[in-house]
Amino acid sequence: MQKKENRMFDKQTVSLEWAGRTLTIETGRVARQADGAVLVTYGDTTVLATAVFAREAKPGQDFFPLTVNYMEKYYASGRIPGGFFKREGRPTEKETLTSRLIDRPIRPLFVDGFKHETQVVLTAVSYDLENDPDILGMIGASAALVLSGAPFMGPIGAARVGYKDGDYIINPTVDELEESELDLVVAGTQGAVMMVESEASELSEEVMLGAVMAGHDAMQPVIDAIIALAEAAAKEPFDFQGEDLSSELKAIQDLVGSDLSAAYQITEKLERQSAVGAARSKAAEALVATEDRPDGLDGNVFKSAFKKAEAAVVRGDIIKTGKRIDGRSLDQVRPILAEAGILPRTHGSALFTRGETQALCVATLGTSDDEQFIDGLDGTRKEKFLLHYNFPPYSVGETGRMGGTSRRETGHGKLAWRALRAVLPEHATFPYTIRMVSEITESNGSSSMATVCGSSLAMMDAGVPLTRPVSGIAMGLIKEDNGIAVLSDILGDEDHLGDMDFKVAGTEMGITSLQMDIKIAGITRDIMQTALEQAKGGRMHILGEMSKALTSARDGLADNAPQMEIIKVPTDKIRDVIGSGGKTIRDIVDTSGAKVNIDDDGTVQVSATDRASIDAALKRIREITAEPEVGQIYEGKVVSIKDFGAFVNFFGPKDGLVHVSQMSKERIGHPKDVLSEGQTVFVKLMGFDDRGKVRLSMKTVDQATGTEVAEDAAEE
């Protein structure tokens with residue numbers, strides 16, 4: 001590791017060789033009015049990371065207002081944005097997901113009680129098309145926060161891990177990821193893992209755990225580099241003391257501790273919430289400051305202390321008794337009901353209910369016209385599998401605004417998308433665009449994992465030949481000084497009051513997606529191994545319940561789903577199929593009623609709601625692209641008549657000459673004596689002259705039946 005100094009800018013730099021490339025973190029030259037700012041460069045990819053925090057909390061602030069904004073600038077890869085305004089617009093899906101990816105490992109490391117507005121901005125300013133900026137964004141956010149003096153208990157490091165031929169690949173390039181069985185991002189501190197996000201090709205628990213630990217080991221030099229940079233350039237720590245709510249907590253526990261214990265023994269969510277609300281109101285009436293009691297607790301202090309009282313009750317009871325809020329054992333999954341084919345007019349549908357969590361999942365099949373165009377730093381690409389997740393407020397018994405897709409909805413949908421992509425059929429064998437929509441109709445626990453299960457069933461109901469069904473389960477953790485409990489299929493309250501949200505999706509053969517978020521300062525290998533093993537049992541149980549509805553794809557597609565067939569034509573025939581200005585392909589579409597799409601490699605996709613339309617379009621395309629055979633008889637149409645013969649269109653766009661001597665066994669004075677333009681005739685392809693012109697004959701074919709006439713009869 002090297003450390004450099006430039007006094008003109010008071011620039012400080014650390015660099016190290018990391019997985020075969022140089023990583024450089026620089027501060028002091030750019031964005032010097034931010035509390036913390038770094039330029040992180042890896043290969044030729046560079047991210048500018050800045051951190052700014054307010055020195056005072058807003059009056060009445062009762063939560064930590066941390067905002068993470070990751071942005072990709074098109075100039076980073078030498079591109080100009082599309083659209084009328086030619087500038088970057090609202091955040092793309094990639095930017096939203098990366099913002100969440102960076103937020104998740106840093107949020108738990110701020111000192112408890114810090115509620116000052118904090119903003120971290122990450123800008124990808126250079127992209128080499130090999131090294132994804134997201135890892136640099138996490139490293140940059142960590143470094144900028146450590147340098148800023150904010151009460152941030154970092155630093156964290158991050159790494160991407162691939163897997164191929166039994167070996168882990170640290171920070172694989174974009175090309176290496178194309179051949180990798182794994183795309184896993186891990187973030188953590190020196191001592192523990194904080195966050196995992198991954199997509200896998202049905203890998204075992206052992207391989208996934210090994211990947212997490214390989215990434216954690218690989219990030220350690222980066223953490224050391226950030227510490228070295230902070231020793232030279234960090235600002236003085238902001239004077240902030242964490243909350244000490246011990247006396248307030250005791251007062252609440254003394255007053256309503258038994259009420260909370262009783263409330264959290266109620267299994268039904270809304271009834272339990274009502275009982276907790278009653279305990280909260282009782283404590284507030286006795287403890288919160290009023291005009292008559294000015295020395296009472298501040299309202300926000302009371303909220304924080306009451307939350308801790310709830311957590312103490314729930315966590316303590318679970319550790320002590322091994323029983324959950326709803327009476328389940330630690331590894332028990334709630335009752336499941338899986339139903340497929342519940343909507344009559346959709347292509348595929350399923351209703352997946354697990355306890356008080358329910359997802360209505362609907363599959364729709366489309367053609368290449370329905371593919372999504374995705375624009376990014378690496379260019380524009382097409383996506384054939386779409387998954388959209390919706391979380392309306394009624395799903396949790398609340399009112400709320402209905403509008404654009406939230407960050408949470410985007411993130412949950414992408415998690416389910418990653419979990420299912422590994423089992424999709426090859427596009428060559430199932431050439432459909434697939435759109436999944438998950439409507440969360442109830443939520444008390446992991447709705448993203450319900451989406452995985454419901455979507456798997458809905459696609460099989462639609463006739464999508466998945467390799468295997470996929471299920472998912474959310475795991476939780478309670479970690480106290482007097483014990484640890486790993487929870488299967490967590491409730492919303494267990495997620496809210498627990499230490500971990502650990503989601504595992506996969507098939508009977510292995511894991512397809514793994515996501516982990518931690519609210520404490522990381523977890524150890526042993527805890528993660530326990531969670532993975534327990535999750536496997538839960539996943540298999542859920543697959544068993546799903547099999548009661550469907551075990552594989554239904555035979556055939558829905559009546560209203562598009563039918564489709566793909567053929568290949570020679571690339572030199574593409575222009576013949578399209579025709580001048582698209583005239584030929586438009587005529588095929590108009591006359592057959594089918595949709596026709598043709599790619600530059602000669603792949604032709606023909607789709608329609610009925611088979612007859614597809615057959616009619618394919619017949620025309622094959623006629624246009626096939627080569628006529630010498631000796632074969634064809635039905636044609638006279639297109640023009642000359643003194644020496646007639647030109648007949650006989651094979652798609654191909655015309656040939658029937659010389660006057662080949663029109664009849666009788667002598668003919670002029671072709672018009674026996675033919676007229678537009679007349680249908682039968683012709684035999686006799687061959688080609690020296691210039692490649694087609695020679696046709698009518699006299700060798702019976703014009704009434706289209707059968708060949710014996711040679712001696714034709715010469716009579």
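**Sheets, helix packing and cavities in a predicted model**

Q: In what order do the 5 strands that close into a barrel follow one another?
A: In this predicted model, 5 strands close into a barrel whose pairing is mixed. Neighbouring strands of the barrel sheet are turned by 55° against each other on average, with direction ignored. Read around the barrel, the strand order is 26-27-28-30-29.

Q: Which residue of strand 27 stands opposite S640?
A: Strand 26, residues 633–641, and strand 27, residues 645–651, pair in the antiparallel sense over 4 bridges. Within this pairing, the residue of strand 27 that stands opposite S640 is F647.

Q: Which strands stand at the edges of the open sheet of 8 strands, and why is one side of each left without a neighbour?
A: The open sheet runs in the order 9-8-10-11-22-21-19-20, with antiparallel pairing, and its neighbouring strands are turned by 20° against each other on average, direction ignored. Each edge strand has a single partner strand, so one of its sides is left without a neighbour in the sheet. The strands in question are strand 9 (167–170) and strand 20 (483–488).

Q: Which residue of strand 11 stands opposite D183?
A: Strand 10, made of residues 182–188, pairs with strand 11, made of residues 193–203, in the antiparallel sense, and the pairing extends over 7 bridges. In strand 11, the residue opposite D183 is E199.

Q: What angle does the direction of helix 1 make with that of strand 11?
A: Helix 1 packs on the open sheet, where it touches strand 10, strand 11 and strand 22 (511–518). The direction of helix 1 makes with that of strand 11 an angle of about 130°.

Q: Which strands does helix 4 touch where it packs on the sheet?
A: Helix 4, residues 205–218, packs on the sheet with its direction at about 50° to that of strand 10. The strands that helix 4 touches are strand 8 (157–164), strand 9, strand 10, strand 11 and strand 22.

Q: How is helix 1 oriented relative to helix 9, roughly parallel or roughly perpendicular?
A: The axes of helix 1 (residues 93–106) and helix 9 (residues 407–421) come within 10 Å and cross at roughly 95°. Angles of 65 to 115 degrees count as roughly perpendicular, and helix 1 is therefore, relative to helix 9, roughly perpendicular.

Q: How many nonpolar, polar and charged residues does the contact of helix 1 with helix 9 have?
A: From helix 1 the contact draws on E93, T96, L97, S99 and R100, and from helix 9 on R407, R408, T410, G411, H412 and K414. Sorted by class, the residues of this contact are 1 nonpolar, 5 polar and 5 charged.

Q: Which elements give two or more residues to the lining of the largest cavity?
A: The search of the whole structure finds 2 cavities of 30 Å³ or more, and the largest holds about 120 Å³ of space. Its lining consists of 14 residues, of which N131, D132, I135, R160 and N171 are the closest to the centre, and by class this lining has 7 nonpolar, 3 polar and 4 charged residues. The elements that give two or more residues to the lining are helix 2 (133–148) and helix 3 (174–178).

Q: Which element gives the largest share of the lining of the second largest cavity?
A: The second largest cavity, with about 30 Å³ of space, is lined by E26, T27, G28, R29, V30, A37, V38 and L39. Two elements give two or more residues to this lining, namely strand 3 (21–27) and strand 4 (36–42), and by class the lining divides into 4 nonpolar, 2 polar and 2 charged residues. The largest share, 3 residues, comes from strand 4.

Q: How many residues lie between strand 15 and strand 16 in their hairpin?
A: Strand 15 (residues 372–376) and strand 16 (residues 379–383) pair in the antiparallel sense over 5 bridges, and Q372 stands opposite E383 in strand 16. In the hairpin that the two strands form, the number of residues between them is 2.

Q: Which residue does a cis peptide bond join to G154?
A: The bond has an omega of about 10°, and the proline that takes part in it has its place in the loop between helix 2 and strand 8. The residue joined to G154 is P155.

Q: What is the phi of A19?
A: A19 is found in the loop between strand 2 (11–18) and strand 3. Its phi is a positive value in a residue other than glycine, near 55°.

Technical notes: Residues are numbered from 1 along each chain as its sequence is written. This is a predicted model: local features need pLDDT of at least 70, side-chain atom pairs count only at pLDDT 80 or more; totals for chains, interfaces and linings use all residues. Side-chain values use heavy atoms; hydrogens and water are left out. Axes are lines fitted to C-alpha atoms, for helices over the stretch in contact, and angles run from 0 to 180 degrees between N-to-C directions. Angles under 35 degrees count as roughly parallel, over 145 as roughly antiparallel, 65 to 115 as roughly perpendicular and the rest as oblique. Contact means heavy atoms within 4.5 Å. Ala, Val, Leu, Ile, Met, Phe, Trp, Tyr, Cys and Pro count as nonpolar, Asp, Glu, Lys and Arg as charged, and the others, Gly among them, as polar. On a 1 Å grid over the protein atoms alone, a cavity is a set of points where a 1.4 Å probe fits but cannot get out, and a pocket is an open set with protein on both sides within 12 Å along at least five of seven lines; lining residues have an atom within 4 Å of a point. Grid points are joined across faces, edges and corners, and a volume is the space filled by probe spheres set on the points. Two strands pair if DSSP finds at least two bridges between them.
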